[in-house]
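Let's take a walk through this protein together, starting with its sheet and ending with the bigger layout. Keep the structure open as you read.

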Amino acid sequence: MSSFKSISGTFDILPDGETSGGDTIAPSRDWQRVEQAIRKVMQAYGAEEIRTPILEPTELISRGVGQLTDIVSKEMFAFERGNTNYVLRPEMTAPVMRAYQQHHLDQKGGVQRLYYIGPCFRAERPQKGRYRQFHQFGLEIIGASDARADAETIVCAVDIYRALGLDNFTIRLNSLGDAESRPRYKQALIEFITPFADQLSEVSRNRLESNPMRILDTKSEKEQSLLVGAPKLADYIDEESKAHHNEVKAYLDAVGIKYVDDPFLVRGLDYYSRTAFEIESDTLGSQGSLAGGGRYDLLSTELGAKQVIPAVGFAAGMERLLMALEAANLSGGEKTRLDAFLVAMGDAAINWTFPTARSLRDLGLDVAYDLKGRSMKAQLREANRQNARFMVIVGDEELASGTAQVKDMDQSSQKTVSFDQLANELKR
Ligand code: HAM
């Protein structure tokens, strides 16, 4: 056995799943089932897939996501090579906006709906539901300032969860206002908090000047009680943003999507303006954030565009979704079945397996056989492990008569089938 292990906070996705530090990682077939559901819903929304590199220029992320965010200040896997600074992407919104600009996707006219599924990397303290390599799926709608686009990203995420049977989550919604609203609000918060700043934790105190809105996110009850009566962002945002927010809510109301208006919702990324939202699992506890997103009109110019490219999107954690499905007893992806497992007895039969398996596969059947020349008993065990519908047993006698013993594993019946009828028998 190897003396190497996967790095803490990363995991293998195995055919039958894995237990990693007390956490259950779902089997690969569950991942596939969830990915298929995501692709189907994305297609229903007219979204097309985008795949961007895992390596990006570090500056794209530090400028895009924001220097003062936790992601950039302490969670990036970044390194230098030659004269270039690389980062393993911690999220996909900035990369997608980079690709949009780099390939002039605006010139295709209309609005781009781009979706993705793939790994992201953040150097966080690993714990249940929080990993260093995790997987996000998401949708970015680029080129639309219409409030329907905001509502549509939320509804799309909801439809993915519902397609998988999940409905025990809460949508929290807020508006962060325009580019000027936040500095105004930030100032008001600093003025409110400063008189009791010495009673705050060191982490919160450090945030006071740089990012006081994050203090509102505190999990400490003592701090929460000090913050009662803090200014609300809603009172500092501009009229247009307020109207936009009301429109988004009206669209959600129109399709019966419930949400909680949460004036204290702030996101851990700096690029948002106007809409910000999170979808929280009602069952997962402390790592319960299933998805998050919002409008990020100013990211485009931050990354160098001459004009604002309005955009809105969401991203969601695959691991969190799989955990929520398991908690709700909804995970059960069926183990895939082989049509046939070829059981060979003797050298001549062993030679027969290779070309036979290939020609049966050509006819659309899923076929495997033992590669180690093992005993009959071991081959039968393997056939069972692989959940084969039929076992096709061949020895010297069968080869001489051009027949095989075909055992139906569900019926526990067995019959003799000639080689030229074998494929038909297995296709039944
Ligand atoms: P985010 O809130 O940083 O947003 O991440 C989105 C989701 O990714 C979270 O709700 C969570 O489910 C999952 N996630 C994040 N970090 C981890 C981790 N360490 N381990 C496991 N799961 C994790 C964004 O990334 C934005 N790009 C969302 C967005 C898209 N905004 C506009 N478009």
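A good place to begin is an open sheet of eight strands, arranged in the order 3-7-8-13-12-11-9-10, with mixed pairing. Strand 3 (48–49) and strand 10 (260–261) sit at the edges with a single partner strand each, so one side of each has no neighbour in the sheet. Bear in mind that what you're looking at is a predicted model.

Now for how some of these strands pair up. Strands of a sheet pair through backbone hydrogen bonds, and they can do so either parallel or antiparallel. Strand 7 (residues 112–121) and strand 8 run antiparallel and are joined by 10 bridges. To find that pairing on screen, look for phenylalanine 121, which stands opposite glutamine 133 in strand 8.

Move along to strand 12, which has partners on both sides: strand 11 (residues 275–281) is joined to strand 12 by five bridges, and another five bridges link strand 12 to strand 13. Both pairings are antiparallel. On the strand 11 side, alanine 276 stands opposite glycine 294 in strand 12. On the other, alanine 291 has alanine 316 in strand 13 as its bridge partner. Strand 12 is also mostly covered, with six of its seven residues buried.

So what surrounds the ligand? There are 27 residues around the ligand, and the closest are Glu91, Thr93, Glu124, Glu140 and Tyr272. By type, this shell splits into 11 nonpolar, nine polar and seven charged residues.

Let's zoom in on a few contacts. Glutamate 91 has a polar side-chain atom 2.6 Å from a nitrogen atom of the ligand. Glutamine 136 also brings in a polar side-chain atom, this one 3.0 Å from an oxygen atom of the ligand. With leucine 290 it's the backbone that takes part: one of its polar backbone atoms is 3.0 Å from a ligand oxygen. As for how covered the ligand is, on its own the ligand exposes 660 Å², and the protein buries 96% of that.

Here the sheet comes back into the story. The elements that give two or more residues to the shell are strand 8 (133–142), strand 12 (289–295) and strand 13 (311–317). Strand 12 gives the most, with six residues.

Finally, zoom out. The protein is divided into domain 1 (18–178 + 237–327) and domain 2 (340–427). Their C-alpha centres lie 48 Å apart.

Methods:
Residues are numbered from 1 along each chain as its sequence is written. This is a predicted model: local features need pLDDT of at least 70, side-chain atom pairs count only at pLDDT 80 or more; totals for chains, interfaces and linings use all residues. Side-chain values use heavy atoms; hydrogens and water are left out. Domain bounds come from an automatic or database domain assignment. A residue is near a molecule or strand if one of its heavy atoms lies within 4 Å of it. A polar contact is a pair of N or O atoms within 3.5 Å; within protein, one must be able to donate a hydrogen and the other to accept it, and residues adjacent in sequence count only if both atoms are side-chain atoms. Accessible areas come from the Shrake-Rupley method with a 1.4 Å probe; for residues, only the protein chains shown count as cover. Helices (H or I, at least four residues) and strands (E, at least two) are DSSP runs, numbered from the N terminus. Ala, Val, Leu, Ile, Met, Phe, Trp, Tyr, Cys and Pro count as nonpolar, Asp, Glu, Lys and Arg as charged, and the others, Gly among them, as polar. Two strands pair if DSSP finds at least two bridges between them. Buried means under 20% relative accessible area, exposed over 50%, partly exposed in between (1.4 Å probe, protein chains only).
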